[in-house]
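Biologist: Before we discuss this protein, please put its model in front of us, and then let me ask how each description of it is justified.

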Amino acid sequence: MKTVIEVRNIRKEYITKKHFLTGRTQEKVTAVKNSSFKVEEGKTVGIVGESGSGKSTTGEIAGGLQNPSFGNVFYYGKNIAEMTNEECHDYRKNVQFIFQDPKGSMDPNYTVGDNIAFPLITFDIEKNKKDAMLKVEEMLEKVGLDKDIKNKYPSEISGGQCQRAAIARALAVNPKVIVCDEPVSALDVSIQAQILNLLKRLQKEYNISYLFISHDIGVVNYMSDTIIVMSKGNIVEMGDAKEIFLNPKESYTKKLLESGFF
Ligand SMILES: Nc1ncnc2c1ncn2[C@@H]1O[C@H](COP(=O)(O)OP(=O)(O)OP(=O)(O)O)[C@@H](O)[C@H]1O
């Protein structure tokens, strides 16, 4: 099985500016400490951990939204820091994101259809708006939405519909990986299950890999082949999802399982 993304020994330090009256000007926060893992083709790696444990930072680095302070990310074996413009374009097309707040991830001034069409145009997948809109309609149907929703604005549809539209947008460019950062946390419980099952169905159909981030161990266990447990920027446990769920080695993971979720 091929490795799509490899994260090798990454560390992320944020420098935050303090209030000028305190006299202290800078503080260093180490969000991620020496983390390594691989995402294989067609598989899901789940990252679970309490708030502030470094999950989103890890996902953003793996997906190229942020640079690590140290360490490297490889896409099909190529270091993303050493890519040519063409390779970088290909990597950006192939690694898409779905975020917690679907409405916040859409441009409110454009229709849902335009929002889904943007990456199709940006990545030269469709040459004109007419063809892009045909693809938009196809993708809307794939995620269980009526194609006429393309004419609505993000503010005119529900959170669940908007998350489906965000999935359609991510999927439209036929990516290899989707980084799903808390994709169901903001949704009603009944809608959460629908979205998770949709993601599972699409994974089978398109052989996509997911880097799936959630604070909810139940959700991560349901979605993942491999689970990474993070605490205070460290990977404290990593392994086969069933094994971690049934036979956790670390006390932190055991506590997490006992509490059900954070
Ligand atoms: N842009 C930033 N500037 C400074 N500190 C940051 C920044 N982003 C994150 N941090 C800090 O890095 C640490 C890890 O944050 P991160 O968002 O990756 O954690 P998380 O596990 O995803 O948390 P949550 O579940 O609450 O989103 C936290 O201490 C956070 O305050």
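The conversation below takes up the sheet, the ligand shell and the core in turn.

Modeller: This is a predicted model, in which local features need pLDDT of at least 70 and side-chain atom pairs count only at pLDDT 80 or more, while totals for chains, interfaces and linings use all residues. Residues are numbered from 1 along each chain as its sequence is written.

Biologist: What makes β2, β1, β4 and β5 an open sheet?

Modeller: Two strands pair if DSSP finds at least two bridges between them, and strands here are DSSP runs of E with at least two residues, just as helices are runs of H or I with at least four, numbered from the N terminus. Strand β1 (residues 3–17) is joined to β4 (residues 70–75) by 5 bridges, and β4 pairs with β5 (residues 78–79) over 2 bridges, so both pairs meet the requirement of at least two. The 4 strands follow the order β2-β1-β4-β5 with antiparallel pairing, and β2 and β5 stand at the edges with a single partner strand each, so one side of each has no neighbour in the sheet.

Biologist: Which residues are bridge partners, and what joins β4 to β5?

Modeller: R11 has F70 in β4 as its bridge partner, while F74 stands opposite N79 in β5. β4 and β5 form a hairpin with 2 residues between them, and Y76 in the turn has a positive phi of about 45°.

Biologist: How do you know which residues surround the ligand?

Modeller: A residue is near a molecule if its C-beta atom, placed from the backbone, lies within 6 Å of it. There are 13 residues around the ligand, of which Y14, A31, S51, S56 and T57 come nearest. The largest share of this shell, 3 residues, comes from α1, a helix that lies across β1, β2 and β4.

Biologist: Why is one group of residues called a nonpolar core?

Modeller: The name applies to a set of buried Ala, Val, Leu, Ile, Met, Phe, Trp, Tyr and Cys residues joined through C-beta atoms within 7 Å, where buried means that 20 or more other C-beta atoms lie within 10 Å of a residue's own. The largest such core has 64 residues, and those with the most contacts inside it are A168, V177, I178 and L211. Helix α5 (residues 159–172) gives the largest share of this core, 8 residues.

Key:
Buried ≥ 20, exposed ≤ 12 C-beta atoms within 10 Å, placed from the backbone. Contact = placed C-beta atoms within 7 Å. Axes fitted to C-alpha atoms, helices over the stretch in contact; angles between N-to-C directions.
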